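Colleague: Hi, have you got a minute to walk me through this one? I'd like the overall picture, then some helix packing.

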Amino acid sequence: MNSFYLLAQGFAVALEPHNLMWAFIGTFLGTAIGVLPGIGPALTIALLLPVTVNVDPTGAFIMFAGIFYGAMYGGSTTSILLNTPGESGSMMTALEGNKMARNGRGAAALATAAIGSFVAGTIATVGITFLAPPIAELAFIFKPQDYFALMVLAFMSVSVVMGSSKVRGFIALFIGLALGLIGIDGQTGVSRLAFGLPDLLDGVDMTVVLVSLFAVGEALYVASRFAFAPPHLNPISGGLWMTREDWKRSWKPWIRGTALGFPIGALPAGGAEIPTFLSYTIERKLTRHPEDFGNGAIEGVAGPEAANNAAAAGVLVPLLTLGLPTSATAAILLAAFQNYGLQPGPLLFINSGELVWGLIASLYVGNIMLLILNLPLVGLWVRLLLIPRPYLYAGILIFSLVGIWGVSNSWLDLVLMFSIGCLGYVMRVYDFPIAPVLIGLILGPMAETQFRRALAIGQGDPLTLVSTPMSGVIIAVSIGLLAVPYLLRKAVIGKDIQPEIQAASEPR
């Protein structure tokens, strides 16, 4: 009953005219950047951080949530019409969705993706509403060693699961941890890695790193691989609505995809890849039309797309309740909270309840807005694919430059932006994941603080780090994650769809 009351208060906040405006702006921008290949919610939110420092926090996070959700909706458009997944979670949508588009059923594929996203997003938001408060209350019993173990779990999960190599993942993590060490040590007052530069005594600005890795690095990567040949765009045909048979074959995959996506997305080692692969495999096993798979099966679009959006909502559970980001976009949202002087976790629900419940209520409102924006206006979003890449990424670079200079007025930040941007380009070229850098940078200082507190409690005994049952279990799970890529390769994905996944993930 308390959750119903708090949610009602959240709707009172979310339905205020200015917050409705922020929700609309976020969902509109999110859909647009989801449609444009290579531009995701992480890059967009990173670009907006410098220009939203003076915006009301509630409105800003309602807009960020709209961008996050909207990009999930818009990403299906490029997967279906261009066979170009903008992110790993959309690879499975591309497998069957693009075949449907080539067969003249692109509109039905887009419709089942949009409606499935709405169903999954709404059900997952209900899960956030009722699961987040009790999880946040459990966090009050955590001790320093428990928090440290949770952060180790976050480090291990993003380093091992993301990317093509554990070694690359750990190297990216250590880069982020090193960046997090720059500045004055909070306990001893000693300068670390500042190299005699006063501007580095406060550490590297989070916004600079985010913009550098996502905007500058991505722009350089696209420019280095720019092809002058226009993309082959499959036209939308077959009407805007699904047939009765399409509805009959879609609603069960929507429910199953949601049931897979939300709990897996809420896990520190979750993400969108595992539930979408699982959903595709399950739908392929359960379908009454096995001959359609590989030739444009609507179940292969409905299930993975629902799982993708439910997993995106699940990511918000550990972020809001424990302050643990499990994806690149969640890491940027955590940085946005810190920019406003807020720390996600149990105290956030107490000290900033209006913001949290307004944000949760806005997810319901944003889902309705996104359904309205995506079904009738799909032709408008497709026209965004005609924007020349040079103009698009040149504009991103200029926006990044102006945003960083406007926030800090520091030449050192500009030098850092382009230096770290070049590092981001090298990481993209050699397939190093970006998310571990962000997780290491954001959680590294927090993990160091909890590590020191735990050792102080145990008078320097390292066994103190696993002295509680919870910390011991979490550390054991963290070590066990080293086997996850092998198990996924053998058990989850399955040999029968590996060639298709490989084909969908090849650059175009």
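Modeller: Sure! In this chain, 79% of the contacts with a separation of 6 or more are between residues 24 or more positions apart. Keep in mind that this is a predicted model.

Colleague: And how many helices and strands does the chain have?

Modeller: There are 23 helices and two strands.

Colleague: What percentage of the residues is buried?

Modeller: Of the 508 residues in the chain, 57% are buried.

Colleague: Let's go to the packing. At what angle do helix 9 and helix 19 pack?

Modeller: The angle is about 55°, and the axes of helix 9 (residues 206-224) and helix 19 (residues 411-429) are 7 Å apart. That makes helix 9 oblique to helix 19, since oblique covers angles that are neither roughly parallel, roughly antiparallel nor roughly perpendicular. The crossing of these two helices is right-handed.

Colleague: Which residues make the contact there?

Modeller: From helix 9 they include Val208, Val209, Leu213, Val216, Gly217 and Tyr221, and from helix 19 they include Leu416, Phe418, Ile420, Gly421, Gly424 and Tyr425. By class, the contact of helix 9 with helix 19 has 14 nonpolar, five polar and three charged residues.

Colleague: Nice. What about helix 10 and helix 12, at what angle do they pack?

Modeller: Helix 10 (residues 244-266) and helix 12 (residues 299-314) pack at about 30°, with axes 6 Å apart. That makes helix 10 roughly parallel to helix 12, because the cut-off for that label is an angle under 35 degrees. Helix 10 passes helix 12 in a right-handed crossing.

Colleague: And which residues meet in that pair?

Modeller: On the helix 10 side, Arg249, Ser250, Pro253, Trp254, Gly257, Thr258, Gly261, Phe262, Gly265 and Ala266 take part. They meet Glu299, Ala302, Gly303, Ala306, Ala307, Ala310, Ala311, Ala313 and Gly314 in helix 12. The contact of helix 10 with helix 12 divides into 10 nonpolar, seven polar and two charged residues.

Colleague: Moving on to helix 16. How far does helix 16 reach from its first C-alpha to its last?

Modeller: Helix 16 (residues 353-374) reaches 31 Å, close to the 32 Å expected for its 22 residues at 1.5 Å a residue.

Colleague: How many of its residues are buried?

Modeller: 18 of the 22 residues of helix 16 are buried, leaving the helix mostly covered. Helix 1 (residues 2-14) packs against helix 16 at an angle of about 75°, with the axes 7 Å apart. That makes helix 1 roughly perpendicular to helix 16.

Colleague: Which residues meet at that crossing?

Modeller: Ser3, Leu6, Leu7, Gly10, Phe11, Val13 and Ala14 come from helix 1. Their partners in helix 16 are Glu354, Trp357, Gly358, Ile360, Ala361, Ser362, Tyr364 and Val365. The contact of helix 1 with helix 16 has 10 nonpolar residues, four polar ones and one charged.

Colleague: Change of topic: helix 5. Why call it largely enclosed?

Modeller: Because 10 of the 12 residues of helix 5 are buried. Among them are Met91, Met92, Leu95, Glu96, Asn98 and Met100. As for the span of helix 5 (residues 91-102), the end C-alpha atoms are 17 Å apart, which agrees with the 16 Å expected at 1.5 Å a residue.

Colleague: And what comes just after helix 5?

Modeller: Gly104 sits just after helix 5 and takes a positive phi of about 85°. Asn103 lies in the loop between helix 5 and helix 6 (106-138).

Colleague: Is Asn103 buried or exposed?

Modeller: Asn103 is exposed, because its relative accessible area is 53% and the cut-off for exposed is over 50%. The C-alpha atoms of Asn103 and Asn295 are separated by 8.5 Å, with their positions 192 residues apart along the chain.

Colleague: Got another pair like that, say with Gly403? How far apart are Gly403 and Pro50 in space?

Modeller: They are 5.4 Å apart, C-alpha to C-alpha, and 353 residues apart in sequence. Gly403 is in helix 18 (residues 389-408) and is buried, with a relative accessible area of 7%.

Colleague: Last one: Thr44. What does Thr44 touch, leaving out residues up to four places away in sequence?

Modeller: Thr44 touches Ile33, Ile39 and Ile67. Thr44 belongs to helix 3 (residues 41-48), and its relative accessible area of 8% makes it buried.

How values were computed:
Residues are numbered from 1 along each chain as its sequence is written. This is a predicted model: local features need pLDDT of at least 70, side-chain atom pairs count only at pLDDT 80 or more; totals for chains, interfaces and linings use all residues. Side-chain values use heavy atoms; hydrogens and water are left out. Helices (H or I, at least four residues) and strands (E, at least two) are DSSP runs, numbered from the N terminus. The expected span of a helix is 1.5 Å times one less than its number of residues. Buried means under 20% relative accessible area, exposed over 50%, partly exposed in between (1.4 Å probe, protein chains only). Contact means heavy atoms within 4.5 Å. Axes are lines fitted to C-alpha atoms, for helices over the stretch in contact, and angles run from 0 to 180 degrees between N-to-C directions. Angles under 35 degrees count as roughly parallel, over 145 as roughly antiparallel, 65 to 115 as roughly perpendicular and the rest as oblique. A crossing is left-handed if the near helix is turned anticlockwise from the far one by less than a right angle, and right-handed if clockwise. Ala, Val, Leu, Ile, Met, Phe, Trp, Tyr, Cys and Pro count as nonpolar, Asp, Glu, Lys and Arg as charged, and the others, Gly among them, as polar.
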